[in-house]
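Trainee: I am new to this structure and would like to understand the reasons behind the words used for it. Could we go through them one by one?

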Number of protein chains: 2
Amino acid sequence: MHRTKVKVLEGVLDANDTIAQANRGDFDRANITVVNLMSSPGAGKTSLLEAVIGQLDGVRLGVLEGDVQGTQDAERIAGAHTPSGGHVPVAQINTDPGFGGECHLDANMVRSALPSLPLDQLDLLVIENVGNLVCPAEFRVGEDVRAMVFSVTEGEDKPFKYPLMFRAVELVLVNKIDLLPHLDFDLDEFLTNLDDVNPGVETIHTSAKTGEGVDAFRDWLATRARRSVAA
Amino acid sequence: MHRTKVKVLEGVLDANDTIAQANRGDFDRANITVVNLMSSPGAGKTSLLEAVIGQLDGVRLGVLEGDVQGTQDAERIAGAHTPSGGHVPVAQINTDPGFGGECHLDANMVRSALPSLPLDQLDLLVIENVGNLVCPAEFRVGEDVRAMVFSVTEGEDKPFKYPLMFRAVELVLVNKIDLLPHLDFDLDEFLTNLDDVNPGVETIHTSAKTGEGVDAFRDWLATRARRSVAA
């Protein structure tokens with residue numbers, strides 16, 4: 001049974017990549033940079049996005065929210081104010097029509113949501129994936145770059161336990177850094193473990209609560225967006 | 001494509017249930033209670049098990065560890081001391097032979113690991129599932145009861161975002177409760193959300209760091225194990 005299952009899932013991944021290429025074509029035509037943002041449940045993706053929206057001047061951002069059920073995150077993003085007092089366009093994908101709820105976004109789900117967003121009027125699209133450290137890393141959705149939020153409450157060993165995720169990304173936001181004094185968490189050990197799995201990967205220490213690192217995350221996003229405009 | 005995929009996965013679930021029944025038969029013959037313990041990555045399943053092993057007298061416990069890669073958790077469990085100074089038998093399942101790493105244990109993986117454990121000499125088997133709030137709730141493995149560890153660092157909204165998981169369990173360990181003073185986390189709101197999704201579900205507030213609630217978790221496990229012995 002197990003052997004058959006793996007074969008089926010590889011077929012799914014092939015089909016996914018074909019649709020991801022179609023998404024990629026649409027993003028290129030719209031001249032837009034797309035970030036696939038991943039993490040465990042509750043690591044703080046939405047809170048960081050809310051914080052960065054408040055600082056992201058001169059970059060036209062859109063957000064695509066992925067959740068098994070619910071629209072809480074999309075509502076939070078829609079309610080956040082940009083520096084000029086505006087709002088960012090947001091669309092929600094719910095994965096629950098798949099049996100019991102798909103644990104990741106795939107290229108087809110993203111494709112089905114694209115008509116809900118004004119791509120031609122955006123510089124940057126952040127896709128907030130379903131909270132999960134395994135399967136989201138296996139499904140490309142047509143993004144330019146993959147980033148993840150890691151919460152320091154999750155423990156130093158996670159790069160070794162979920163290596164595909166930590167290896168798939170170009171940026172790790174080391175979040176809830178304000179909690180360090182209250183945790184038995186060895187930041188140096190985590191960074192060493194991370195570097196073992198993904199040598200030289202960029203990291204930013206962040207806290208949506210204190211605002212630490214939000215400016216650096218903003219600059220990272222803005223640089224990515226400008227690269228696309230300049231290209 | 002999506003429709004086809006869902007059909008395949010339902011077939012997988014049917015096959016899984018057949019194997020789960022076979023596991024169930026083996027557990028019944030060994031007169032053993034089996035707990036399927038689930039959570040997000042880093043919510044604290046292993047730390048709570050380590051703490052409870054130190055207090056679990058008179059119950060012969062075994063542990064089955066599920067991870068994508070690595071044996072860190074199994075080594076931690078194997079190193080924990082029971083009140084009489086002994087150790088508990090532990091086996092490790094790695095799910096990474098599946099494409100990129102399966103995000104959950106299934107009944108067949110558990111079945112393949114059972115010969116590694118002395119079931120006839122145990123009263124209680126705890127299966128620590130892969131850290132993930134979606135798919136582990138969809139795959140029965142032959143367990144008597146499902147429980148989850150929820151970390152208060154994950155936010156109040158999680159029962160609405162991962163309803164299948166919160167609905168599937170008979171016990172929610174509300175963990176890292178020692179961090180409450182340092183978080184913007186409304187415990188009453190979380191408990192209300194949880195009760196909306198799974199009315200009347202039992203909860204225990206726990207902290208592996210301070211030891212809060214570990215005795216209550218021990219009593220819950222011991223009662224489950226004795227029920228099986230008495231039956």
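Mentor: Let us begin with burial: a residue is buried under 20% relative accessible area, exposed over 50% and partly exposed in between, with a 1.4 Å probe and protein chains only. By that rule B:Phe150 is buried, and B:Phe190 is buried as well. Please keep in mind that this is a predicted model, in which local features need pLDDT of at least 70 and side-chain atom pairs count only at pLDDT 80 or more, whereas totals for chains, interfaces and linings use all residues. Residues are numbered from 1 along each chain as its sequence is written, chains are lettered from A and ligands numbered from 1 in the order in which they are written, and side-chain values use heavy atoms, with hydrogens and water left out.

Trainee: Why does A:Ile19 count as buried?

Mentor: Its relative accessibility is 16%, and the limit is 20%, so A:Ile19 counts as buried. A:Ile19 belongs to helix 1 (residues 2–29) of chain A, where a helix is a DSSP run of H or I with at least four residues, a strand is a run of E with at least two, and both are numbered from the N terminus.

Trainee: What makes A:Phe166 and A:Phe190 an edge-to-face pair?

Mentor: Rings of Phe, Tyr and Trp (its six-membered ring) pair if their centres lie within 6.5 Å, and planes under 30 degrees apart count as stacked, over 60 as edge-to-face and the rest as tilted. For A:Phe166 and A:Phe190 the centres are 6.3 Å apart and the planes stand at 70°, so both values satisfy the rule for an edge-to-face pair. A:Phe166 lies in helix 6 (residues 163–168) of chain A and A:Phe190 in helix 7 (residues 187–197), so the pair ties together parts that are 24 residues apart in sequence.

Trainee: How do you know that A:Phe166 is buried?

Mentor: The relative accessible area of A:Phe166 is 0%, and A:Phe190 likewise has 0%, so each is buried.

Trainee: Why is the pair of B:Phe150 and B:Phe190 called stacked?

Mentor: The ring centres of B:Phe150 and B:Phe190 are 4.2 Å apart and their planes are at 5°, so this pair is stacked. B:Phe150 is in strand 5 (residues 145–151) of chain B and B:Phe190 in helix 7 (residues 187–197) of chain B, so parts 40 residues apart in sequence are tied together.
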